[in-house]
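Got the viewer open and the selection box ready? Here's a tour, stop by stop, with what to pick and what to look at when you get there.

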Amino acid sequence: QGSTFAITRSGLLCEFNSRRLLDKWVELRSTCANCITVGRDCLFVGCADGVVRCFSPSTLHFLATLPRPHPLGLDLALATGVGGAPPVVVGGGSTPPRHPHTVAVCFDEVHRRLTCVYNDHSLFVWDVGDLKRIGKCHSYLFHSACIWGIENYPANGDLLPAGTFLTCSSDDTIRVWNLDRATAGSRNIYCPELLSILYMDPNLTFICDADVQGGSSDKVDTTYDGKNGVRCLCISPNGKQLASGDRTGNIHIHQLQRTGAQEVCKIEAHDSEVLCLEYSGPPEEGGRLLASGSRDRFVHLFDVEREYAFQQTLDDHSSSITAVRFVRDSPPGTLQMVSCGADKSIVFRKAQQGQGPPVFSRKHHVVGKSTLYDMEVDSSQENVLAACQDRQVRVYALASGKNTRCFRGSPAEEGTLIKVALDPTGTYLATSCTDKTLALYEYSTGECLASMLGHSELVTGLRFSHDGRHLISVSGDSCIFVWRLPPEVSQVISSNQAGVPLPTTWQDARRSSSVAVARPLVSGSPQEESSPEYRFTLGPLPSWAKKQMMEQQQPANSKPPTVAPPPVPQPRGRWAQRFDAARSIFENGKELSCGGAREGDSSSAASGSVRMEDGDAEDEHSDTEGSGGVLYPVPQDGNGAEPVGSFRVTEADLPRRRPHRRVYNSTSDLQSEANSEDEDSSSTAELRPLSMCVSTENLDKLGQREHFMRANYESLEQPVTPPSLASAGPSPGTRSSLSARHYRPEPSSLGSGSSRRREEMAQALNQARQKLNALGWCSSKSSGDLLSANLEENLIRRTASMTDISARRRLTYSSGDSVGLWSQQQQQQQQ
């Protein structure tokens with residue numbers, strides 16, 4: 001009926017009539033209203049704390065309240081829905097559970113589905129066909145901030161199902177995913193693909209998106225350069241332990257379990273964010289170490305068998321450590337460690353075996369031309385691949401440390417390579433560039449097979465699946481993409497894993513297929529190039545050229561062929577109903593009322609519903625297929641307790657709704673009223689663009705995440721010296737990390753005597769300086785201090801200017817003879 005609905009930040013639902021006057025409003029009983037969607041018979045408003053209320057669009061009468069989503073800090077391992085038990089919150093106490101805010105809603109009138117998006121990046125699809133029995137059709141839980149890393153669970157592990165991978169994010173969570181629903185047993189009722197969530201912050205400060213707080217009054221740090229989040233992670237070769245490094249420099253060790261993980265150790269290793277972690281391998285293969293590299297340019301080694309006791313610190317780099325890799329050497333039981341950094345160097349180290357853990361010493365130190373951001377070891381354990389800043393992939397030999405190969409790692413003309421990943425067999429490699437693209441290459445030839453684009457931010461992690469069928473990528477846009485590899489690539493990987501090489505004919509056919517991007521040009525005669533299926537088209541030509549070409553091709557006496565007009569596409573679905581109503585208006589000249597069009601006749605509504613169901617039968621089937629039915633959540637305390645009609649609708653006053661008619665006594669009153677109306681209309685026109693905007697609070701945040709992601713990688717070349725390391729001595733509140741101890745070694749008994757002698761010499765110098773000051777002797781100063789010095793205060797001073805040094809004369813005069821000093825200077829200048 002021409003009404004306009006609006007919501008306010010204070011929690012009001014308002015209705016404006018066709019004259020743009022406030023008609024009625026209703027209180028939503030929430031701290032804030034964030035989103036609204038309107039249908040023919042339902043109006044849904046998304047509010048804070050996960051509340052979604054339903055009203056009637058015609059009367060604004062309250063109809064229902066939707067169930068709330070999952071509580072924040074949910075333990076997914078126990079959220080199976082068996083027995084109707086309420087969800088368990090990790091670390092929950094006497095305080096009531098918190099719920100994410102609703103930030104977007106969308107209503108599908110055909111299938112009676114309401115889609116809700118919450119500020120923790122979760123998505124719920126509700127079945128609102130029966131408002132007295134609302135159920136959940138689908139639900140998905142995702143990361144709410146930048147994803148920094150991804151790791152595949154080892155194939156020989158027995159704690160988690162095959163095909164499981166883990167991701168870490170700036171929302172202080174580590175999530176365990178498995179896309180194959182047939183491999184695992186019972187799944188949770190909120191997100192079947194998500195097995196469990198590890199919460200690193202018990203307060204859940206950054207679990208929700210900082211950009212869309214949904215009108216919450218909580219004080220949340222919305223800056224992207226905070227020290228929150230998990231920066232990297234690594235799984236032990238046996239699949240029993242998980243190591244993760246955060247942005248404050250701590251390393252957390254978790255013992256993996258079938259239903260989650262338990263933290264067993266926390267190490268204050270670095271004074272800056274941990275950029276990389278790497279396990280050396282099983283103890284029977286000569287490795288039992290954990291290496292960590294940080295922005296503070298240090299590499300720390302820990303002994304896994306001795307409960308991660310500190311073993312060694314390596315400081316060969318002058319800038320941030322971007323990657324660390326362990327390599328099994330040719331003699332069994334020996335190890336090599338390779339590290340690269342933002343100082344454009346790569347260091348090869350060899351382990352010296354003894355009775356205790358191995359100790360590494362530098363073997364080769366190679367300095368390149370560009371920064372190295374990531375590194376991988378090939379399947380032969382003889383070469384190392386490095387992703388460089390100049391978009392090149394350089395291959396270094398482990399034995400000599402020399403650069404043996406170099407090929408292009410990105411088809412783009414600008415950007416920087418930041419990640420490189422090899423498939424399990426070492427046949428193909430994937431790279432990511434700062435221009436938000438991915439590329440797939442063949443390692444042996446360096447041929448680009450495919451390029452991918454889809455992420456809205458930088459791709460921060462890449463991993464191939466163990467079966468070689470998928471490529472998983474994570475990005476700063478908090479999204480996880482699973483790419484399906486071409487069948488030819490998957491077949492090569494599976495054949496190499498089975499040890500059965502493919503025939504040469506198949507390889508030649510693959511190289512000539514459409515998977516390869518580059519193809520050699522074959523020169524031949526024009527007759528060989530033409531094919532019988534060749535057809536000349538006039539599409540790219542302008543209209544005058546098309547007309548001229550058609551006149552030349554047709555004979556002079558032939559008539560142009562008559563071309564039948566193309567058929568007019570008929571509307572289908574709900575558009576057909578509107579088309580029939582509009583055609584009846586034009587043909588019969590009858591005007592339909594708005595109320596009749598909205599409510600409609602029973603027969604017409606029935607026919608329209610049948611037509612829409614027939615047109616969208618396939619979509620409805622695909623929407624409900626595989627959903628496993630509709631889940632009806634258990635009502636929580638305080639949820640859905642409002643009965644129908646409990647919300648009071650307040651109507652505006654009659655004078656405000658219907659403006660009274662004025663009687664003008666003269667033309668001057670009429671002119672003044674017209675002028676005032678013009679002023680009001682001009683002021684309204686000036687304010688109209690502002691009223692059309694939804695919200696202007698987050699406009700300054702556009703591009704802030706992309707700027708932060710780029711700056712995070714570009715700033716790796718600058719070494720970071722924390723204040724705790726720059727200070728002369730440790731203070732009571734200073735962080736005591738291993739890197740700080742390396743900068744400030746503990747004082748020993750041998751150095752106590754030297755420090756005492758140093759203090760005695762400093763006291764003697766201070767006493768001598770005091771005696772000279774008492775005699776009136778001042779030390780040499782700068783030229784600026786000499787010009788600003790007062791001659792009456794410093795009558796006897798040391799020669800400091802170049803003129804006095806060249807003349808090598810000392811002025812001798814009494815303390816009160818200032819006039820004689822001035823006369824002597826004048827005589828010297830005249831000479």
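Start by selecting D374 and A387: the two are bridge partners, with A387 sitting in β29. Keep in mind as you click around that this is a predicted model. Now widen the selection to residues 372-377, which make up β28, and 383-388, which make up β29. The two strands pair antiparallel over 5 bridges. Between them the hairpin has 5 residues, and Q381 in that hairpin takes a positive phi near 60 degrees. Is β28 enclosed or open to the outside? Of its 6 residues, 6 are buried, so the strand is largely enclosed by the rest of the structure.

**Zoom out for a second**

Show the whole chain as a cartoon. You have 831 residues here, and 40% of them count as buried. The chain holds 17 helices and 39 strands. If you draw a contact map and keep separations of 6 or more, 50% of those contacts come from residues 24 or more positions apart.

**Three strands in a row: β21, β22, β23**

Next, select 299-303, which is β22. All of this strand goes under cover: 5 of its 5 residues are buried, so it is largely enclosed by the rest of the structure. Turn on the side chains. V299, L301 and D303 point one way, H300 and F302 the other, and all are buried. That fits the usual pattern, since side chains in a regular strand alternate between the two faces of the sheet.

Now add the partners of β22. On one hand there's β21 (residues 289-294), joined to β22 by 5 bridges and running antiparallel. Look for L289, whose bridge partner in β22 is D303. The hairpin of β21 and β22 has 4 residues between the strands, and R297 there has a positive phi near 65 degrees.

Then there's β23 (residues 309-314), also antiparallel to β22 and joined to it by 5 bridges. H300 stands opposite T313 of β23. This hairpin has 5 residues between its strands, and E307 in the turn shows a positive phi of about 60 degrees.

**A buried arginine**

Select R231, which you'll find in β16 (residues 230-235). How accessible is R231? Its relative accessibility is 7%, so with the cut-off for buried at under 20%, R231 counts as buried. Its side chain makes a polar contact of 3.3 Å with the side chain of E273. Expand the selection around R231 and, beyond its neighbours within four places in sequence, you'll pick up contacts that include W148, C168, D246, R247 and N712.

**A serine in a loop**

Hop to S144, in the loop between β11 (135-140) and β12 (147-152). S144 is buried, with a relative accessible area of 1%. What does its side chain reach? Draw a distance to the backbone oxygen of I207 and you should get 2.6 Å. I207 is also among the contacts of S144 outside its neighbours within four places in sequence, and that list includes N119, H121, D171, F206 and S478 as well. For a C-alpha distance, try S144 to Y118: 26 residues apart along the chain, separated by 9.9 Å.

**A WD repeat from the record, then a helix**

Select 452-485, which an unreviewed UniProt entry lists as "repeat: WD". The span is 0% helix and 56% strand, and its end C-alpha atoms lie 11 Å apart.

Now pick 487-498 for helix α1. Its 12 residues reach 16 Å from first C-alpha to last, close to the 16 Å expected at 1.5 Å a residue. Colour by accessibility and you'll see V489, S490, V492, I493 and S495 are buried. An α-helix has 3.6 residues a turn, so residues three or four places apart point the same way. Right after α1 comes G499, with a positive phi near 80 degrees.

**Last stop: an open sheet**

Finish with a 4-stranded open sheet, ordered β1-β2-β3-β39 and paired antiparallel. β1 (4-7) and β39 (649-651) are at the edges with a single partner strand each, so one side of each has no neighbour in the sheet. Neighbouring strands here are turned by 20 degrees against each other on average, ignoring direction. To see how β39 joins in, select β3 (residues 22-27), which pairs with β39 in the antiparallel sense over 3 bridges. V26 and V649 are bridge partners there, V649 being the one in β39.

Definitions and conventions: Residues are numbered from 1 along each chain as its sequence is written. This is a predicted model: local features need pLDDT of at least 70, side-chain atom pairs count only at pLDDT 80 or more; totals for chains, interfaces and linings use all residues. Side-chain values use heavy atoms; hydrogens and water are left out. Two strands pair if DSSP finds at least two bridges between them. Axes are lines fitted to C-alpha atoms, for helices over the stretch in contact, and angles run from 0 to 180 degrees between N-to-C directions. Buried means under 20% relative accessible area, exposed over 50%, partly exposed in between (1.4 Å probe, protein chains only). A polar contact is a pair of N or O atoms within 3.5 Å; within protein, one must be able to donate a hydrogen and the other to accept it, and residues adjacent in sequence count only if both atoms are side-chain atoms. Contact means heavy atoms within 4.5 Å. The expected span of a helix is 1.5 Å times one less than its number of residues. UniProt positions are given in the numbering used here, feature names are shortened, and annotations may be inferred rather than shown by experiment.
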